[in-house]
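Let's take a stroll through a protein model, going from the whole chain down to single residues. Keep the picture open while you read.

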Amino acid sequence: MKPALTHVALAVRDVARTIAFYSRHAQLHVVHDRTDHGVRVAWLSEVEHDPRFVLVCIEQHDAHAPAHSSMLHLGFALGSRDEVDAAATMAHAENILVSEPLYAGPVVGYFCIVADPDGNQVEFSYGQPIDPRALPPA
């Protein structure tokens, strides 16, 4: 069997706050939630049933926020520039907007950066091809 990417795991300080953020900003759904040996773990997915990929949130109260200068981030595609602008407006109102919407060319597209409750950067973009065949020639 060929390996399949199934999840990304993040250390978070407060699972409930992280669930609220990703539910509100990325419309993710809780598909699994448990506590093992006092550690809460929640799985979030774009679909409510039969997920193929999940964001695993593992509660670690001493987790450190990543540096904002890093390009490390989670990326979510949106359907239009207006949707990116709306994501930025909501984030600005919550004082979590890291980078205003910007068009960065045909590879990166139009995007904004938001900080989740643990300081992880979350990119909302439009026009960013994920299929390498859709990229412009180098």
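Below, we start with the overall build, then follow one strand and its neighbours, and end with a few residues in the loops.

**The big picture**

First things first: this is a predicted model. The protein has two helices and eight strands. If you walk along from the N terminus, you meet them in the order β-α-β-β-β-β-α-β-β-β.

How does the radius of gyration fit with a compact globule? For 138 residues, such a globule would come out near 14 Å, and the protein has 16 Å, which agrees. Put a box around the C-alpha atoms along the principal axes, and that box is roughly 50 × 45 × 25 Å.

Of the 138 residues, 33% are buried. The accessible surface adds up to about 8,700 Å², and carbon and sulfur atoms own 58% of that. Now look at contacts between residues at least 6 apart in sequence: 50% of them join residues at least 24 apart. As for charge, count 9 positive and 17 negative side chains, with the centres of the two sets 5 Å apart.

**Strand 7 and its neighbours**

Now zoom in on strand 7, residues 110–115. Is this strand buried or exposed? Six of its six residues are buried, so strand 7 is largely enclosed by the rest of the structure.

Here's a handy rule: in a regular strand, side chains alternate between the two faces of the sheet. You can trace that here, since Tyr110, Cys112 and Val114 point one way from strand 7, while Phe111, Ile113 and Ala115 point the other way.

Strand 7 has partners to look at too. Strand 6 (residues 97–103) runs antiparallel to strand 7 and is joined to it by four bridges. Among the paired residues, Leu102 has Phe111 as its bridge partner, and Ser99 has Ile113. Strand 8 also runs antiparallel to strand 7, this time with six bridges. In that pairing, Val114 stands opposite Val122 of strand 8.

What links these strands? The hairpin of strand 6 and strand 7 has six residues between the strands, and the hairpin of strand 7 and strand 8 has five. Each hairpin has a glycine with a positive phi: Gly105 in the hairpin of strands 6 and 7, and Gly119 in the hairpin of strands 7 and 8.

**Positive phi values**

Glycines aren't the end of the story, as Gln27 has a positive phi although it is not a glycine. Asp50 is another residue other than glycine with a positive phi. Here are the four values together:

| Residue | Phi |
|---|---|
| Gly105 | near 95 degrees |
| Gly119 | near 85 degrees |
| Gln27 | about 55 degrees |
| Asp50 | near 55 degrees |

Gln27 sits in the loop between helix 1 (15–26) and strand 2 (29–36). Its relative accessibility is 49%, so Gln27 counts as partly exposed, the cut-off for exposed being over 50%. Asp50 lies in the loop between strand 3 (39–45) and strand 4 (54–59). With a relative accessible area of 71%, Asp50 is exposed.

**One last stop: Gln128**

Finally, find Gln128 in the segment after strand 8 (121–126). Gln128 counts as partly exposed because its relative accessibility is 30%. Which residues does Gln128 touch, leaving out those up to four places away in sequence? They are Val107, Val108 and Glu123. You can also check a distance back to strand 7: the C-alpha atoms of Gln128 and Phe111 are 8.7 Å apart, with 17 residues separating them along the chain.

Key:
Residues numbered from 1 in each chain as written. Predicted model: local features only at pLDDT ≥ 70, side-chain atom pairs only at ≥ 80, totals over all residues. Heavy atoms only, no water. Rg over C-alpha atoms; globule rule 2.2 N^0.38 Å. Buried < 20%, exposed > 50% of the residue type's maximum accessible area, 1.4 Å probe, protein only. Contact = heavy atoms within 4.5 Å. Areas by Shrake-Rupley, 256 points an atom, 1.4 Å probe, with all protein chains shown as cover. Lys, Arg positive; Asp, Glu negative; His and termini not counted. Charge placed at Lys NZ, Arg CZ, Asp CG, Glu CD. Pairing = 2+ DSSP bridges.
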